[in-house]
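I set out to record what I looked up in this structure, beginning with one pair of helices and ending with two single residues. The entries follow in the order in which I made them.

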Amino acid sequence: MNIYTINYILSRLSFAMAGALTIPLVLAVVNDDSSRQAFMLSMLISAFFGVGFRRFGRPAEELTAREGIAITAFGWFTGTFLGMLPYLLGNYLGFLDALFESISGFTGTGATVFSSLGSLPYSILFWRMMTAWIGGLGIIVIFIALLPQSGASTIYMYIAEGVGPTMDRVMPRLRDMTMALFKIYLAFTTITTIVFMLCGVNFGIAVTHAMSTIGTCGFSTYDDSTMHFHNLSFELWTALFMFLAGGSFSLYYRAWVKGPSAILRNTEFRTYLAIVLTAILLIALNLIIEMDMDTFTAVRFAVFQVPSLSTTGFVSADFEVWPTFSKLLLLLLMVIGGCAGSTASGIKVARIVLLVRNARAVILQKLNPNRVIDISLGGAHVDNAMLLRTGTFFFLYLAIIFVTSFLLTMDGLLPFDAIAVAITTLGNIGPAFGIVSATSTYAPLSDFAKGILCLTMLLGRLEIFTLLILLRPSFWRKTKRW
């Protein structure tokens, strides 16, 4: 593993973070916010890190798989560390809380430790949303799109960031593909901002909520999230854009080139749509029957919260008081998440499809051992290696939920609360039930719990394998070939 190459690319990431910090710095200066010094220092520290990495780094023509994994992992470590500096240097949060808030933003979790957002300057609120937007598409994906390095070998970095169980290459060159994804991402954000403004929201609030929506984070500028607006059109448009952000951006690009029919022909997207519509129907009926809620209100709540808790984490109602059936269904949606290639996390719909089809194939082969069954996804054959990785990921995902829940119960959380917190942080959703319900924050949790959840959020965003592979001694051996 070439440590000099890793340092070189980390230096460019650090300089990019310094550049990103200039945007909230300008806002802080224009608004005369108290955070301007914190952003200035954060920008200088980021640049200092860039110089330090560059001092001990040099570019290379090619990257190995091991270097790609290391760059992605340490790139996220570096990005989240530098991202926490405005919170820490501005004395808004302590070290662990600042790190938690930064990781929550970049991973798109939207779990906040701020007890109240009302006293924070707009520049800090904007930075929270900006971390969500950067992390939504991916630090590495944006880096490859805007600051290309090492040519085609950056595919190892792209894979390590977590793209789901498929490699949907809409273009032969990786840099062209990531640039196309970035343009689609930027277009979605722009359109969402305009629509929110047409719903009666001012530009500053519209752009921050657009970044959080398309980045599927769920951060808001208000303590009561979307409930603050009391605006039906704003809720419905937010629900639509959250749903779209849970779809594959590669698929959207293909639809732009080949027509909208490409979306409807996609197996994963059709399954995703069916899951969302079924959940909306079941939850709406459950609210009507169990809570005697009127049909309009029940449908309104269900239409918003189903795509939100599948992908984002915005809140339009206190679902803590909903019937147990609805709450368990919401937990299931948190586990499933969005589509491969989306800004959402979770197991991903594509893996669910593969698991179901593989289970069906095993059952049919039990009935007829000589039968050969081809498993496909999106018209493409899925080999045994992909099925093995999917099954392994599913096992590890459930295992991490179990271990995290166990550790949280050791810290005093009730079993159901611990399971809900583990699911929502690993799925990068944010709100859950009990101690971190729709109207609560993560501030009451202990430092031990917050430290565990920082790791859980990163595991969920990087799809487990990238971080777990760092624990293997062979990964660090110079003589080991990769």
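**Entry 1: a helix pair.** I looked up how H1 crosses H5 and found that the crossing is right-handed. I am working from a predicted model, and I read every value below as computed from it. Helix H1 covers residues 3-31 and helix H5 covers residues 122-137. I noted a packing angle of about 155 degrees between them, with the axes 9 Å apart. Angles over 145 degrees count as roughly antiparallel, so I entered H1 as roughly antiparallel to H5.

I then asked which residues make the contact. On the H1 side I listed Met17, Ala20, Leu21, Ile23, Pro24, Leu27, Ala28 and Asn31. On the H5 side I listed Tyr122, Ser123, Phe126, Trp127, Met130 and Ile134. Sorting the residues of this contact by character, I obtained 12 nonpolar and 2 polar, with no charged residue.

**Entry 2: the whole chain.** I next turned to the chain as a whole. Its secondary structure comes to 21 helices and 2 strands. I found a radius of gyration of 22 Å, whereas the globule rule gives 23 Å for 482 residues; the two are close, so I recorded the chain as being as compact as a globular protein of that length. Along the principal axes, the C-alpha atoms fill a box of roughly 60 × 60 × 50 Å.

I also looked up burial and found that 59% of the 482 residues count as buried. For contacts between residues at least 6 apart in sequence, I noted that 71% join residues at least 24 apart.

**Entry 3: Ala206.** Is Ala206 buried or exposed? I located Ala206 in helix H9, residues 203-214. Its relative accessibility is 0%; the cut-off for buried is under 20%, and Ala206 therefore counts as buried. I listed its contacts, leaving out residues up to four places away in sequence: Thr193, Phe196, Met197 and Val201. I also checked Val195, which lies 11 residues from Ala206 along the chain, and found their C-alpha atoms separated by 8.4 Å.

**Entry 4: Ser310.** I asked where Ser310 is placed and found this residue in helix H14, residues 295-312. At 2% relative accessibility, Ser310 counts as buried. Which residues does Ser310 touch, not counting residues up to four places away in sequence? I recorded Leu333, Gly337, Gly338 and Ile429 as the residues in contact with Ser310.

Terms used
Residues numbered from 1 in each chain as written. Predicted model: local features only at pLDDT ≥ 70, side-chain atom pairs only at ≥ 80, totals over all residues. Heavy atoms only, no water. Axes fitted to C-alpha atoms, helices over the stretch in contact; angles between N-to-C directions. Helix = DSSP H or I, 4+ residues; strand = E, 2+ residues; numbered from the N terminus. Parallel < 35°, antiparallel > 145°, perpendicular 65-115°, else oblique. Left-handed = near helix turned anticlockwise from the far one by under 90°. Contact = heavy atoms within 4.5 Å. Nonpolar A, V, L, I, M, F, W, Y, C, P; charged D, E, K, R; others polar. Rg over C-alpha atoms; globule rule 2.2 N^0.38 Å. Buried < 20%, exposed > 50% of the residue type's maximum accessible area, 1.4 Å probe, protein only.
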